[in-house]
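Let's walk through this one together, starting from a single residue and working outwards. Have the viewer ready and follow along.

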Amino acid sequence: MITKGFIVMSMFCLTACYSFKGISIAPEVNTFSIDQVLDQSYNAPATYAIDFSEALTNKIRKESRLILNNQNPDIVFKCKVTAFGVASQAPVPGVSSAINRLTVTIEVEFVNKQDEKLNWKSPFTRYQDFDAGKNFSTEQQRLTSDINGLLIEDIFNKAFTNW
């Protein structure tokens, strides 16, 4: 027999687990959209902006209660790829570097149509180092996937947590 106390404790535990993640979305906010991601770096792979947009969409759909709605969303993400480049790390004159670094910067404008005080605009930068002896084109898919995961986590946390 289930008691009233058990039900109350179960509801408290479920609520505590949800708030433990730190996600904070106002009750009146139910939908989101991501505008077409613009590539202003001009050297990112042709599909990078699309891949980034899909990954961000999937993160929000899986880890929040928000529903994708491109017609009249409560929250809009406007993203631009402002930097995408490879550079050698700690090069020494006359000696080739053993490590290269791929750096990606995404500028995000977060628009909350329900509460304009929560709007923000911020750049997010992440990088991954890789062996300079390896061909970048063979490493590119793995590197961009890893970097996207880090960038999207940063964006999600800024948008939906109170940290």
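Leaving aside residues up to four places away in sequence, Leu56 touches Ile34, Phe77, Cys79, Ile152 and Ile155. Keep in mind as you look at these contacts that this is a predicted model. Leu56 itself sits in helix α2. Is Leu56 buried or exposed? Its relative accessibility is 0%, and the cut-off for buried is under 20%, so Leu56 counts as buried. While you're there, have a look at Gly149 too: 93 residues separate Leu56 from Gly149 in sequence, yet their C-alpha atoms are 8.8 Å apart in space.

Two of the contacts just mentioned, Ile152 and Ile155, also appear among the buried residues of α3. That helix is worth a closer look. Its buried residues include Leu143, Ile147, Leu151, Phe156 and Phe160, along with Glu139, Thr144 and Asn148. What do the buried residues of α3 pack against? The answer is α2 plus three strands: β4 (75–88), β5 (99–112) and β6 (120–131).

Now try a quick sanity check on the geometry of α3, which covers residues 136–160. With 25 residues at 1.5 Å a residue, the helix should span 36 Å, and its end C-alpha atoms are 34 Å apart, so the two values agree. The helix does have a kink, though: about 30 degrees, centred on Arg142.

Next, hop over to the loop between β2 (38–39) and α2 (48–63), where you'll find Tyr42. Most residues other than glycine have a negative phi. Tyr42 isn't a glycine, but its phi is positive, at about 60 degrees. As for its surroundings, Tyr42 has a relative accessible area of 70%; exposed means over 50%, so Tyr42 counts as exposed.

Finally, zoom out to the whole chain. The protein has three helices and six strands, and along the sequence they follow the pattern α-β-β-α-β-β-β-β-α. How much of the contact network is long-range in sequence? Among contacts with a separation of 6 or more, 71% are between residues 24 or more positions apart. The pair of Leu56 and Ile152 is one of the contacts to picture here. Of the 163 residues, 34% count as buried. On the outside, the accessible surface comes to about 10200 Å², and carbon and sulfur atoms account for 55% of that surface.

Note on methods:
Residues are numbered from 1 along each chain as its sequence is written. This is a predicted model: local features need pLDDT of at least 70, side-chain atom pairs count only at pLDDT 80 or more; totals for chains, interfaces and linings use all residues. Side-chain values use heavy atoms; hydrogens and water are left out. Helices (H or I, at least four residues) and strands (E, at least two) are DSSP runs, numbered from the N terminus. Buried means under 20% relative accessible area, exposed over 50%, partly exposed in between (1.4 Å probe, protein chains only). Contact means heavy atoms within 4.5 Å. Accessible areas come from the Shrake-Rupley method with a 1.4 Å probe; for residues, only the protein chains shown count as cover. The expected span of a helix is 1.5 Å times one less than its number of residues. The bend at a residue is the angle between axes fitted to the seven residues ending there and the seven starting there.
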